[in-house]
Amino acid sequence: KQHNISPEAGAALASASPAVCLSDYVQPNERILVLGAGGGVGSHFCQLAKFRGASFVCGVSQNPNRLLKAPLNYDDAIDYTKENIFESKKYQQEPFDTIIDLACGGWPSLVEAVSKHKLPSIVKPANMGGRFITLTPDAPTFEGHGIFSLMSIFLWKPLWRAFWSRIATRRTLPTFKNVMGLPDSREIITRTLNLAKEGKLEAVIDGPYPMTTDGVRKAFRTLESRHAKGKVVVRVADYK
């Protein structure tokens, strides 16, 4: 336990450290769209985006009302079950500078809207500084039958998109960037906990679930649903 950070909050913050890595890409006064905004990373990234100087942050989630409340405090929230964000006339007229995809499949949806259906883009093109940043592959589940199939998912496809978006589609689509992995040191965890200690980041927890058969099953079902409201935490024992 560090200072006023509970063990449950510490566990959530440690696993939410990718949000801190992502926040390093935020530029002052930019407008950001977050896909998968209410999950474990999105619930923490939105707090840091404002701290880093973003002027407007919009989230896409199944539960938009939650996104508008503290500590998330998104400026706008879209229910993806009712509205396709890539067809939003509002944001076609006021496009974002950056899209952060934490939900899987955002890039194919953007390409389909702009290149196939010829809709105005909701994000600025590469030649105007637009960026698409993701932590995820196109699908939440995949089969890796060997090293080459895994390299296709995690290496060749992202590299090709990064190259093509900077050369061939720079006037219509943003630059593509896949951010994978964490630093191989404790520095990112230390930064995350220090941000919480300074009051700049609040742990968002789904749970904690008890360390029982039923509790652990519920925790895994929440993860499998891909609709967690923050970081899923299981309390192993009471802190003394």
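This passage describes helix H9, two pockets, several unusual backbone sites and a few buried positions in a predicted model.

Helix H9 is a good place to start. Spanning residues 213-225, H9 has 13 residues and reaches 18 Å from its first C-alpha to its last, close to the 18 Å expected at 1.5 Å a residue. Its buried residues are Gly215, Ala219 and Thr222. They are on the same side of H9, because they cover an arc of only 60 degrees around the axis. This spacing fits a familiar rule: an α-helix has 3.6 residues a turn, so residues three or four places apart point the same way. The other side of H9 carries the exposed residues Thr213, Arg217, Arg221 and Glu224. As for what the buried residues of H9 pack against, the partners are two strands, S7 (205-210) and S8 (231-235).

The residue that follows H9 is Arg226, with a positive phi near 60 degrees. Arg226 lies in the loop between H9 and S8, and it has this positive phi although it is not a glycine. With a relative accessible area of 45%, Arg226 is partly exposed. Arg226 also takes part in the next feature, as one of the residues that lie nearest the centre of the largest pocket.

The largest pocket holds about 1,200 Å³ of space. Its lining is made up of 41 residues, and those nearest the centre are Gly36, Leu102, Ala103, Cys104 and Arg226. At least two lining residues come from each of strand S2 (56-61), helix H6 (106-116), H9 and S8. Sorted by class, the lining of the largest pocket comprises 17 nonpolar, 18 polar and six charged residues.

The second largest pocket has a volume of about 180 Å³. It is lined by 19 residues, and Pro137, Asp138, Ile153, Lys157 and Arg161 are the closest to its centre. Two or more lining residues are given by each of H6, strand S5 (131-134), helix H7 (147-167) and strand S6 (175-178). Of these elements, H7 provides the largest share of the lining, five residues. By class, 10 residues lining the second largest pocket are nonpolar, five are polar and four are charged. Helix H6 thus links the two descriptions, as it supplies residues to the lining of the largest pocket and to that of the second largest pocket.

The backbone has some further points of interest. Most residues other than glycine have a negative phi, and most peptide bonds are trans. Lys118, like Arg226 above, departs from the first part of this rule: Lys118 is not a glycine, yet has a positive phi of about 60 degrees. Lys118 sits in the loop between H6 and S5, and its relative accessibility of 65% is why it counts as exposed. Two cis peptide bonds also deserve a look. One runs from Ala70 to Pro71, with omega near 5 degrees, and Pro71 belongs to the loop between helix H4 (64-67) and strand S3 (76-79). Another joins Gly207 and Pro208, with omega at about 0 degrees. Pro208 is part of strand S7, one of the strands against which the buried residues of H9 pack.

Strand S7 appears again around helix H1 (residues 7-15). The buried residues of H1 are Glu8, Ala9, Gly10, Ala12 and Leu13. Their cover includes helix H2 (17-23), H3, H8, S7 and S8. Both S7 and S8 are therefore met on two occasions, since the buried residues of H9 pack against them and they help to cover those of H1, where contact means heavy atoms within 4.5 Å.

Two of the covering helices, H8 and H3, offer individual residues worth following. Leu193 lies in helix H8 (residues 187-197) and counts as buried because its relative accessibility is 18%, under the 20% limit. Between Leu193 and Gly10 there are 7.4 Å in space, C-alpha to C-alpha, although the two are 183 residues apart in sequence. Ser43, for its part, is found in helix H3 (residues 42-51). It is buried, with a relative accessible area of 0%. Apart from its neighbours within four places in sequence, Ser43 is in contact with Ala37, Gly38, Arg66, Leu72, Val204 and Gly230.

Definitions and conventions
Residues are numbered from 1 along each chain as its sequence is written. This is a predicted model: local features need pLDDT of at least 70, side-chain atom pairs count only at pLDDT 80 or more; totals for chains, interfaces and linings use all residues. Side-chain values use heavy atoms; hydrogens and water are left out. Helices (H or I, at least four residues) and strands (E, at least two) are DSSP runs, numbered from the N terminus. The expected span of a helix is 1.5 Å times one less than its number of residues. Buried means under 20% relative accessible area, exposed over 50%, partly exposed in between (1.4 Å probe, protein chains only). The arc is that of the directions from the helix axis to the C-beta atoms. On a 1 Å grid over the protein atoms alone, a cavity is a set of points where a 1.4 Å probe fits but cannot get out, and a pocket is an open set with protein on both sides within 12 Å along at least five of seven lines; lining residues have an atom within 4 Å of a point. Grid points are joined across faces, edges and corners, and a volume is the space filled by probe spheres set on the points. Ala, Val, Leu, Ile, Met, Phe, Trp, Tyr, Cys and Pro count as nonpolar, Asp, Glu, Lys and Arg as charged, and the others, Gly among them, as polar.
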